[in-house]
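Please look over the sequence and the structure shown here, and then read on for a short report on the overall build and the cysteines.

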Amino acid sequence: MTTDRIAQLRAEILDRTRELIRLREAPKPFAPGATTVPYAGRVYDEEEVAAGVDSMLDFWLTLGPQGDAFEKELATVLGVKGTVLTNSGSSANLLAFAALTSHKLGERRIRPGDEVITVAAGFPTTVAPIIQCGCVPVFIDVDPLTMGPRTDQLEDAFVKGKTKAVMIAHALGNPFDLGEVTRFCRDKGLWLIEDNCDSLGSTYDGKPTGTFGDLSTQSFYPPHHLTLGEGGSINIVRDPKLRVLVESFRDWGRDCWCPSGKDDTCRKRFQWQLGELPKGYDHKYIYSHIGWNLKPLDPQAAIGRQQLKKLPRFIQARRDNWQTLRRGLADLADRLDFMLPAHASGWTPDGYTWQAGKPVSDPSWFGFMMLVKPGGAVDRTGLARALDAAKIGNRMFFGGNLVRQPAFVQLKADSMGAGFRTIGDLAGADRVMNQALFIGTYPGLRPEHLAHMVATVRGAFGR
Ligand SMILES: Cc1ncc(COP(=O)(O)O)c(C=O)c1O
């Protein structure tokens, strides 16, 4: 009787929740210049909210059944061995890198003082884990049109015996030259971490980005392709051993791999003898790494599972929105440089043209990036102001040239120049820092938003 009543109340709560969200989220009228057009944001309907509420009613809270299901579903979508949920994309980067420092990897482990090749323009927490783990980032430049690494500098950055890994983000959804970078890593025996936080759904050579390296990462912060409010994941591309290491660093550094609420998964909980501990010390409390606790909550994963069902639609909308903006701004090529996929030779209203005559990649765009050419009446700041005045969300390319950020200037001073290395003059990263601006491509944009964005950018240049 009580069970029936509980089920009935639960169904009522979920019905009411769905009704509330349907009412609240009904499309609102758009007034150009008065209504804000964000560059990104959560796109959801009653199913995400109902799933979150349902999971809250269970009140399991800690990462559990929904997390397990989400991890399996995301791994299947990507076609990787597994994925491990964490509380942010930044934590995902930290855990991916930390896992490769594990003593359990023997000779291949990354040790303090080792060097890691990365790019100078981008988001800081692609690079921060390298420093946080006591290693030295070596910055190569970016090609300002693709925002990908200048692969011709990889050899210059490499030092035999010191370079251990390459860790680079696919910028704004644009896959970097994975052909060249994976060949380089294979030839030199280096780890590859792909920061795929901004690029879920992008493909290269017909395969999803995030499936080429040893590990890759996602962010589920609201502007990203899926949102869990906060959240991230580490994709275990091939080697399941890396999963155990990632989980250990995420879960306090423990040696035990029991899921939360379970005991004795290894069936020898009281038979281990590790370190200098007495034989039989509870495996649950044996720590093989110096770890953190970076787990998300289970209701977040419940929301994520509903988001995942919408992913194909989200990806298509991001691609379509990018093309709509590109077509609308096509005659501004004298004032703006537009982003191009790696290996593309140009763009026409029918799509990209390719250096080798056939497509290589298909970006799932995080944003629509423009570089304002110097010498005109309107510079990048002028364009940003015009967009702000029209209430159109716009962003610079994150940290620009990271080595010019106060944190890196301080690192250089504190380490007397030993904290990082740079290759060449990083002129590409400087150009991005000085000229780049991006506006949204997210699936919440409607045709009237895109028309307003096009008209505003055109208007800023007097067209
Ligand atoms: C390329 C890249 N990596 C990592 C992150 C960090 O993700 P989070 O905000 O979830 O920590 C971001 C954030 O937007 C990002 O753009």
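The report below goes from the whole chain to two of its cysteines.

This is a predicted model, in which local features need pLDDT of at least 70 and side-chain atom pairs count only at pLDDT 80 or more, while totals for chains, interfaces and linings use all residues. Residues are numbered from 1 along each chain as its sequence is written, and side-chain values use heavy atoms, with hydrogens and water left out.

The chain holds 13 helices and 16 strands, where helices are DSSP runs of H or I with at least four residues and strands are runs of E with at least two. The C-alpha trace spans about 75 × 70 × 45 Å along its principal axes. Of the 463 residues, 55% are buried, a word that here means under 20% relative accessible area, determined with a 1.4 Å probe and protein chains only. Among contacts (heavy atoms within 4.5 Å) between residues at least 6 apart in sequence, 73% join residues at least 24 apart.

A disulfide is a covalent bond between the sulfur atoms of two cysteines. When a disulfide is taken as a pair of cysteine sulfur atoms within 2.5 Å, the count for this model comes to zero. The table gives two cysteines that are in no disulfide.

| Cysteine | Nearest cysteine sulfur | Distance | Relative accessible area |
|---|---|---|---|
| Cys133 | Cys135 | 6.4 Å | 18% |
| Cys258 | Cys256 | 3.7 Å | 4% |

Cys133 counts as buried, and Cys258 is buried as well.

Key: Buried means under 20% relative accessible area, exposed over 50%, partly exposed in between (1.4 Å probe, protein chains only).
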